[in-house]
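Biologist: Pull this one up for me, please, and I'll throw questions at you as they come.

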Amino acid sequence: METTYPVYIKITAILLGITLFVYGLVVAKLILIPLTFAAFMASLLTPYCDWLESRKINDIIAAVVAVFSAIVVLAGIMFFFFSQLTGFAQDLPSIEAQITEFINRVGLTFESYFGEQPNFGIDSSFDTFVNYIEESTPSLTSGLISAASNVTLLFMIPVFTFFLLIYRSFLREFFFRAFGTDDDGKMKTIIENLQKIAQQYLTGMSIVICILAVMNTLTLMAFGINHAIFFGVFAAALNIIPFIGPLVGSILPILYALLMADSLWIPAGILLSFYVIQLIESNVLTPNIVGGQVSINPLVTLLALFIGGMVWGVAGMILFIPGMAILKRICDEIEGLEPYGYLLGDVQTRKKTRQAKFINEQFDKIKDRLEHEA
């Protein structure tokens, strides 16, 4: 006889389970963060590794080549940012001079209206900052040691990726045995779909970021902004963090133009251009390149963003978005969890998907009718 429990007991059990799950994520974050990054990296490198193995290359060598190729690409990206940042750092004295001149102009304007020039306390603030650094040396040292340990964990990502690539067939078989039912074909479909979603999200976001980098850079070049490549690529890379990333990425070049440009029309034009680019990204690029299978509604995206930041910091803000998309797909595939998948999904994407499905059905009916008449 099936036992039914009151609603308040079910809600309490669910809340307790969520609390324990989040607590586990916080406690084990030092191992879960690099492992999660490695899982996404392995899913992205799996097609390349399969291609190498199809060329009669040993699985270990194929995994080494795949991981090494990813390291080379990431090292090239980091070197690019470092070189661009070095060039930008050379302009810091002139930026500081522009800030000082701007403060002086504001002070003169304030004096002309109120008869007294305000004291912004720049010098005293700088002295306070220096004193704080001197007094906080022990805590800063411990912070650097902690950062060094995080860097050490960062080097674990390629190691985890290597082993996940080697044991991918073994892990797939484990999931079949652990969660498979009599209908093993459905379980196989679910696992393949989850892997495709991870690949689709990562490759799609990479393509979107590249397109945004070109659009941002060309826009800044058209306005004559120095270090246009740095600002354009940096703003595009921050797009991986929804809402906050694009905002921060657009503010930096606007502030730089506000300080260095001769006219206020230039930062205003950059603001308008970046707004248009973000509209194109959110309504055209991401839906068509990343796809509707990984689309989650803005409310869930915002919650995942803040919860990820609270639990894992910046890494959580990056990882929880694709994780939520994968969770949505799991709910869509498992019987009984479909309502939760519907809750996580994007309403507009569902409408477009239904419209596209209806159009395809009508097209198939017309095609069948023409074949029957022929």
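Biologist: Asp 50, buried, exposed or in between?

Modeller: Asp 50 is partly exposed, because its relative accessibility is 36% and the cut-offs are under 20% for buried, over 50% for exposed and partly exposed in between (1.4 Å probe, protein chains only). Mind that this is a predicted model: local features need pLDDT of at least 70, side-chain atom pairs need 80 or more, and totals for chains, interfaces and linings take in all residues. Residues are numbered from 1 along each chain as its sequence is written, and side-chain values use heavy atoms, with hydrogens and water left out.

Biologist: Okay. What does Asp 50 pair with in a salt bridge?

Modeller: Arg 168, with N to O at 2.7 Å. A salt bridge here is a side-chain nitrogen of Lys or Arg within 4 Å of a carboxyl oxygen of Asp or Glu. The two partners are 118 residues apart, with Arg 168 in helix α8 (residues 168–179) and Asp 50 in helix α2 (residues 29–54). By helix I mean a DSSP run of H or I with at least four residues, while a strand is a run of E with at least two, and both are numbered from the N terminus.

Biologist: How many salt bridges turn up in the whole structure?

Modeller: Two. The other acid is Glu 53, whose closest O atom is 3.0 Å from an N of Arg 168. That pair also joins α2 to α8, across 115 residues of chain. Put together, Asp 50, Glu 53 and Arg 168 form a salt-bridge network.

Biologist: And how covered are Glu 53 and Arg 168?

Modeller: Glu 53 is partly exposed at 27%, whereas Arg 168 counts as buried at 12%.

Biologist: New topic. What's the overall make-up, helices or strands?

Modeller: The chain has 16 helices and zero strands. It runs to 374 residues, of which 28% count as buried. The exposed area is about 24,600 Å², and carbon and sulfur atoms supply 70% of that; areas come from the Shrake-Rupley method with a 1.4 Å probe, and for residues only the protein chains shown count as cover.

Biologist: What share of the contacts is long-range in sequence, 24 or more positions apart?

Modeller: 66%, taken over contacts with a separation of 6 or more. Contact means heavy atoms within 4.5 Å.

Biologist: Where's the nonpolar surface patch, then?

Modeller: It covers about 970 Å², and its members include Phe 243, Ile 244, Leu 264 and Phe 306. Patch residues have over 30% relative accessible area and no salt bridge; nonpolar side chains (Val, Leu, Ile, Met, Phe, Trp, Tyr) are joined within 5 Å, and like charges within 9 Å. Helices α11 (244–260) and α13 (298–312) each give two or more residues, and α11 gives the most, seven. One of the patch members, Leu 258, lies in α11 and is partly exposed at 44%.

Biologist: How does α11 sit against α10?

Modeller: Their axes come within 8 Å and cross at roughly 155°, with α10 spanning residues 228–237. The axes are lines fitted to C-alpha atoms, for helices over the stretch in contact, and angles run from 0 to 180 degrees between N-to-C directions. The two helices are therefore roughly antiparallel; that label needs over 145 degrees, while under 35 is roughly parallel, 65 to 115 roughly perpendicular and the rest oblique.

Biologist: Which residues make the contact between α10 and α11?

Modeller: Phe 231, Phe 234 and Ala 235 from α10, against Gly 249, Leu 252, Pro 253 and Tyr 256 from α11.

Biologist: Why do you call α10 largely enclosed?

Modeller: Because seven of its 10 residues are buried, among them Phe 230, Phe 231, Val 233 and Ala 235.

Biologist: What about Asn 239, where does that go?

Modeller: Asn 239 is in the loop between α10 and α11, and it counts as buried at 6%. Beyond its neighbours within four places in sequence, its contacts are Met 205, Val 208, Leu 212, Pro 246, Gln 278 and Glu 281.

Biologist: Last one: how far is Thr 189 from Glu 333?

Modeller: Their C-alpha atoms are 9.0 Å apart, with 144 residues of chain separating them. Thr 189 belongs to helix α9 (residues 184–222) and is partly exposed at 37%.
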